[in-house]
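Dear colleague,

Please find below the structure that I am handing over to you, together with its sequence. My notes on what was found follow directly after it.

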Amino acid sequence: MKVWDKTTVGPKHEGCPAITLLRRRYDQVQSDSTEFGEAMISGEIEEKLRELLQQMDGLSGEEAQQAISAHFSDLTQQGVLVLDHLSDIQESIVNRAEELQHDCSGRLRMRAVKDGRQVLVTVCMSALLEGTTDPRDNIELVRVERKPLGETN
């Protein structure tokens, strides 16, 4: 499995809004995967299922436990499938980040000054994004930094 590491993003793509968004998605999926895995190991999922069975089917605690035990291997298998799916999502995010950087000269940064404020805008320049926005609204993912004139960083 591919993971997001220090080699995933080249220096000319640091701060690219599309890459930044992908990194956030990757981190969220990683967090969800960790949470889900911990819940499986701790038995929390089994407990939640027991509560749900009791609420939905009116089963007693013992009956709910018997229903879970009868299908525990299925439950574990499904949990593993969920973790595998989350892993696949993470890999597809890394692949997309690599695709966006391929043959891309890097992000475009533009600076403007108006009314005593400076605005720095960063745009993803990957050719893969061309034609992906609706020409009627022309909305794209950009990063905007606003600062008083003369302020650095």
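**Charged residues, strands and surface patches**

D32 has its place in helix α1. Please bear in mind that this is a predicted model. With a relative accessibility of 34%, D32 counts as partly exposed, because that class covers the range between under 20% (buried) and over 50% (exposed). Together with E35, E38 and E44, D32 forms a negative patch on the surface. Helix α1, which spans residues 17–42, gives the most to this patch, with 3 residues.

Helix α1 also carries one of the salt bridges, of which the structure holds 4. Here R23 pairs with D27, and their closest N and O atoms are 2.9 Å apart. Both residues belong to helix α1 and are separated by 4 residues, about one turn of the helix. R23 is partly exposed at 32% relative accessible area, and D27 is likewise partly exposed at 36%.

A further salt bridge joins R96 to E99, with the closest N and O atoms 3.5 Å apart. These two residues lie in helix α4 (residues 72–101), 3 residues apart, which is again about one turn of the helix. R96 has a relative accessible area of 30% and is partly exposed; E99, at 41%, is partly exposed as well.

The strands supply another pair: the side chains of R109 and E145 meet in a salt bridge at 3.9 Å, N to O. Since R109 lies in strand β1 and E145 in strand β3, this pair ties together parts that are 36 residues apart in sequence. R109 is partly exposed at 41% relative accessibility, and E145 is partly exposed at 22%.

How are these strands arranged? Strand β1 (residues 108–114) pairs with strand β2 (residues 117–123) in the antiparallel sense over 7 bridges. Strand β2 is in turn joined to strand β3 (residues 142–148) by 7 bridges, and these two also run antiparallel. Two cross-strand positions may help you to find your way: R111 stands opposite L120 in β2, and T122 stands opposite R143 in β3. The hairpin of β1 and β2 has 2 residues between its strands, and D115 there takes a positive phi near 50°.

Lastly, there is a nonpolar surface patch made of L108, M110 and M125, whose accessible area together is about 250 Å². L108 lies in strand β1 and, at 35% relative accessibility, counts as partly exposed.

With kind regards

Methods: Residues are numbered from 1 along each chain as its sequence is written. This is a predicted model: local features need pLDDT of at least 70, side-chain atom pairs count only at pLDDT 80 or more; totals for chains, interfaces and linings use all residues. Side-chain values use heavy atoms; hydrogens and water are left out. Patches are made of residues with over 30% relative accessible area and no salt bridge: like charges are joined within 9 Å, nonpolar side chains (Val, Leu, Ile, Met, Phe, Trp, Tyr) within 5 Å. Accessible areas come from the Shrake-Rupley method with a 1.4 Å probe; for residues, only the protein chains shown count as cover. Buried means under 20% relative accessible area, exposed over 50%, partly exposed in between (1.4 Å probe, protein chains only). Two strands pair if DSSP finds at least two bridges between them. Lys and Arg count as positive and Asp and Glu as negative; His and the chain ends are not counted. The place of a charge is taken as NZ of Lys, CZ of Arg, CG of Asp or CD of Glu.
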